[in-house]
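This report introduces a structure to a reader who has not met it before. It begins with a pair of residues in one helix and then turns to the neighbours of that helix, to the strands and to the chain as a whole.

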Amino acid sequence: MGQKVSPTGFRLGITEDWRSRWYAGKDYADVLENDIKVRKYLDKYLARAAVSKIEIERAGEKLRVVITTARPGVVIGKKGAEIDALRKKLEKIADGATVNIEVVEVKRPELDAELGPPGRRRDEPPRVVPRRPRAAADAACQDRLRIRHRQHPDGRHRRPGVGLPRRRPSRSEVEQPRSRRLHASAPPRPWRPRGSRR
């Protein structure tokens, strides 16, 4: 029970391919760190481009980046301006390696688990309630509380949430013990003959 398996790792070599394809010897740690830097930068830079997956291939001093996205126009930009700027930035991150970027379009984004259903926009930040309506709601709530707890015109106090006024105890009642005070404030019971239900 409770064994968790990586969905990509579980399918590697069967239906899925490796997301990073390269070989390294002693400099394996440096190449892996550089891979992580490239991925982090692309995730941040292409946050609104609905990127499904990023694949990286290395061969010597050449770096090939394949970006699978539902919005290729956002990645490429007007007349390829965005992709050129992205290539220059990636060359700096990749320590001067020659970078080649390929953009692959997702034909049916609603079937891609990474992109989610069409109604849900993962690339947009969560909605925040504007300050003005929230402040107005808070003020209205405070007004209601004030009305409920305000003093009666006769000088008597109102119980919170109850419309009936409550009588203040007299000075003599306050000085008496609690048990006597309760009996004194209670109305006298009418006399009934024993055995009568009424």
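In this predicted model, Tyr 41 and Tyr 45 both belong to helix H2, which covers residues 28–45, and they are four residues apart, about one turn of the helix.

**Aromatic pairs**

The structure holds two aromatic pairs. In one of them, the rings of Trp 22 and Tyr 28 have centres 5.5 Å apart and planes at 45°, so this pair is tilted. Trp 22 is buried, with a relative accessible area of 19%, whereas Tyr 28 is partly exposed, at 44%. The pair of Tyr 41 and Tyr 45 is stacked, with 5.5 Å from centre to centre and 20° between the planes. Tyr 41 is partly exposed at 21% relative accessibility, and Tyr 45 is likewise partly exposed, with a relative accessible area of 33%. Tyr 41 falls in the partly exposed class because its value of 21% is not under 20%, the limit for a buried residue.

**The packing of H2 and H4**

How do H2 and helix H4 pack, and how far apart are their axes? The two helices, the second of which spans residues 81–93, pack at an angle of about 150°, and their axes are 10 Å apart. Angles over 145 degrees count as roughly antiparallel, and H2 and H4 are therefore roughly antiparallel to each other. H2 passes H4 in a right-handed crossing.

On the H2 side, the residues in this contact are Asn 34, Lys 37, Val 38, Tyr 41, Leu 42 and Tyr 45, and they meet Glu 82, Ala 85, Leu 86, Lys 89, Leu 90 and Ile 93 of H4. Sorted by class, the contact has eight nonpolar, one polar and three charged residues. The stacked tyrosines described above, Tyr 41 and Tyr 45, are thus also among the H2 residues that meet H4.

**Two loop residues with positive phi**

Most residues other than glycine have a negative phi. Ala 50 has a phi near 55°, a positive value in a residue other than glycine, and Lys 79 also has a positive phi, near 55°. Ala 50 lies in the loop between H2 and strand E2, which covers 51–59, while Lys 79 is found in the loop between helix H3 (72–76) and H4. Are these residues buried or exposed? Ala 50 counts as buried at 18% relative accessibility, but Lys 79, at 85%, counts as exposed.

**Buried residues in the strands**

The table lists three strand residues with their accessibility and one C-alpha separation for each.

| Residue | Strand | Relative accessible area | Partner | Apart in sequence | C-alpha to C-alpha |
|---|---|---|---|---|---|
| Val 51 | E2 | 17% | Ala 70 | 19 residues | 6.5 Å |
| Val 65 | E3 | 0% | Asn 100 | 35 residues | 6.2 Å |
| Thr 68 | E3 | 10% | Ala 49 | 19 residues | 9.9 Å |

Val 65 counts as buried, at 0% relative accessibility, and its place is in strand E3, residues 62–69. When neighbours within four places in sequence are left aside, Val 65 is in contact with Leu 42, Ile 54, Glu 55, Leu 90, Val 99, Asn 100, Ile 101 and Glu 102. Two of these partners, Leu 42 of H2 and Leu 90 of H4, also take part in the contact between the two helices.

Thr 68, which is buried as well, touches Ala 50, Val 51, Ser 52, Lys 53, Glu 55, Val 104 and Val 106, not counting residues up to four places away in sequence. The loop residue Ala 50, with its positive phi, is therefore one of the partners of this strand residue. Val 51, buried in E2, touches Leu 46, Ile 67, Thr 68, Thr 69, Glu 114 and Leu 115, again with neighbours within four places left aside.

**The chain as a whole**

The secondary structure of the chain comes to seven helices and six strands, and from the N terminus on its elements run α-β-α-β-β-α-α-β-α-β-β-α-α. The chain has 198 residues, and buried residues make up 19% of them. Among contacts between residues at least 6 apart in sequence, 45% join residues at least 24 apart.

Terms used
Residues numbered from 1 in each chain as written. Predicted model: local features only at pLDDT ≥ 70, side-chain atom pairs only at ≥ 80, totals over all residues. Heavy atoms only, no water. Phe/Tyr/Trp six-rings, centres within 6.5 Å; stacked < 30°, edge-to-face > 60°. Buried < 20%, exposed > 50% of the residue type's maximum accessible area, 1.4 Å probe, protein only. Axes fitted to C-alpha atoms, helices over the stretch in contact; angles between N-to-C directions. Parallel < 35°, antiparallel > 145°, perpendicular 65-115°, else oblique. Left-handed = near helix turned anticlockwise from the far one by under 90°. Contact = heavy atoms within 4.5 Å. Nonpolar A, V, L, I, M, F, W, Y, C, P; charged D, E, K, R; others polar.
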